[in-house]
Amino acid sequence: MSAIDLNCDLGESFGAYRIGMDECVVPEITSANIACGFHAGDPLVMKKTVELCRTYGVSAGAHPGYRDLQGFGRRNMKVSCEEVEADIIYQVGALKAFCDGAGVELHHVKPHGALYNMAGKDYDLAMAICRGIRAVDPSLKILALSGSQMIRAAKEAGICAVSEVFADRAYQPDGSLVPRTQEGAMITDEEEAIKRVVRMATEGKVTAIDGSDISICADSVCVHGDGEKALVFVKKIRKALTAAGVELRRF
């Protein structure tokens, strides 16, 4: 039986602002990527999300991004590699402290938003992220876009790289994600998303936005926790993968 991890970006509420349905989503997934305060989240949200992971036996991962609360970390920013490395240490170290306090293992790191997408194509930026992760704990895994420069950098930095695919995002022919500003970037149809995930998990292929088929490595599939259909997606994807003979387990 083949296996895949089901992850979700969570802990993105901030103060009085509530984003996502973390309490409902966490029981349905195997890994959580928890915002670390730069693009979303705050100390109390971080603490509560780690505790949710402990309650349901879900892997807790850090989800560091650019220092961009107003733009939710989705705006491309010009930041030096030295600063990115320090920002990764700061954010991952903060979440690790909450994990240590709750008796939870910090399992992995997944960069967020614009940082994730930019590092997917920029090797030097990807290496800066890997150096930051390694400085906190070299045993941490990195969750990164299948076929990206982050996968390459992680391997060269001696960090375990886990290839990620997306249930609710469209792909470009080169394997990168379609920018959110472009029409068709988000997959909102539940049945289409489910079919794409099952095919990625069982065949290692996905149809790009131009209609071409591209090969992809699917160790983990992501659903965005801030999406309005996040809970529906994770439930239906879980059911469909199980029906297709794919075991859900953390990477």
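A search of the whole structure finds 1 cavity of 30 Å³ or more. The model is a predicted one. This report describes that cavity, the pockets, a nonpolar surface patch and a set of salt bridges.

**Cavity**

The largest cavity holds about 40 Å³ of space. Its lining is made by Gly 65, Tyr 66, Val 84, Asp 87, Ile 88, Gln 91 and Leu 115. Helix α3, which covers residues 81-102, gives the most to this lining, with 4 residues. By class, the lining of the largest cavity divides into 4 nonpolar residues, 2 polar residues and 1 charged residue.

**Pockets**

In the largest pocket there is about 620 Å³ of space. The lining of the largest pocket comprises 33 residues, and those nearest its centre are Gly 113, Asn 117, Met 118, Arg 169 and Leu 177. Helix α4, residues 113-121, makes the greatest contribution to the lining of the largest pocket, with 7 residues. Divided by class, the lining of the largest pocket has 15 polar, 11 nonpolar and 7 charged residues.

The second largest pocket contains about 240 Å³ of space. Around the second largest pocket stand 13 lining residues, of which Ser 13, Arg 18, Glu 23, Val 45 and Lys 48 lie nearest its centre. Two helices, α1 (22-25) and α2 (43-56), each supply at least two residues of this lining. Helix α2 provides the largest share, 5 residues. The lining of the second largest pocket consists of 5 charged, 4 polar and 4 nonpolar residues.

**Surface patch**

Phe 14, Tyr 17 and Leu 69 together make a nonpolar surface patch of about 330 Å². Within this group, Phe 14 is placed in the loop between β1 (2-10) and α1. Phe 14 counts as partly exposed, because its relative accessibility is 37%.

**Salt bridges**

Side chains of opposite charge can pair when their charged atoms come close. The structure holds 15 salt bridges. The table sets out three of them.

| Acidic partner | Basic partner | N to O distance |
|---|---|---|
| Asp 68 | Arg 75 | 2.5 Å |
| Glu 85 | Arg 131 | 3.0 Å |
| Asp 213 | Arg 199 | 2.6 Å |

Asp 68 and Arg 75 are joined through their side chains at 2.5 Å, N to O. Asp 68 has a relative accessible area of 4% and is therefore buried, whereas Arg 75, at 43% relative accessibility, counts as partly exposed.

The salt bridge between the side chains of Glu 85 and Arg 131 has an N to O distance of 3.0 Å. Glu 85 belongs to helix α3 and Arg 131 to helix α5 (residues 123-136), so this pair ties together parts that are 46 residues apart in sequence. Glu 85 is partly exposed, with a relative accessible area of 22%, and Arg 131 counts as partly exposed at 29% relative accessibility. Helix α3 also appears in the account of the largest cavity, where it gives the most to the lining.

Asp 213 and Arg 199 form a salt bridge through their side chains at 2.6 Å, N to O. Because Asp 213 lies in strand β8 (residues 213-215) and Arg 199 in helix α7 (residues 190-203), the pair ties together parts that are 14 residues apart in sequence. Asp 213, with a relative accessible area of 43%, is partly exposed. Arg 199 counts as partly exposed as well, at 22% relative accessibility.

Salt bridges that share partners also join Asp 9, Lys 110 and Glu 164 into one network.

**A residue of helix α6**

Lys 155 is found in helix α6, residues 149-157. With a relative accessibility of 62%, Lys 155 counts as exposed; the cut-off for this class is over 50% relative accessible area. In sequence, Lys 155 and Ile 142 are 13 residues apart, and their C-alpha atoms are 9.9 Å apart in space.

How values were computed: Residues numbered from 1 in each chain as written. Predicted model: local features only at pLDDT ≥ 70, side-chain atom pairs only at ≥ 80, totals over all residues. Heavy atoms only, no water. 1 Å grid on protein atoms, 1.4 Å probe; cavity = no way out; pocket = protein on both sides within 12 Å on 5 of 7 lines; lining within 4 Å. Points joined across faces, edges and corners; volume = space filled by probe spheres on them. Nonpolar A, V, L, I, M, F, W, Y, C, P; charged D, E, K, R; others polar. Patch = residues over 30% accessible without salt bridge, like charges linked within 9 Å, V, L, I, M, F, W, Y side chains within 5 Å. Areas by Shrake-Rupley, 256 points an atom, 1.4 Å probe, with all protein chains shown as cover. Salt bridge = Lys/Arg side-chain N within 4 Å of Asp/Glu carboxyl O. Buried < 20%, exposed > 50% of the residue type's maximum accessible area, 1.4 Å probe, protein only.
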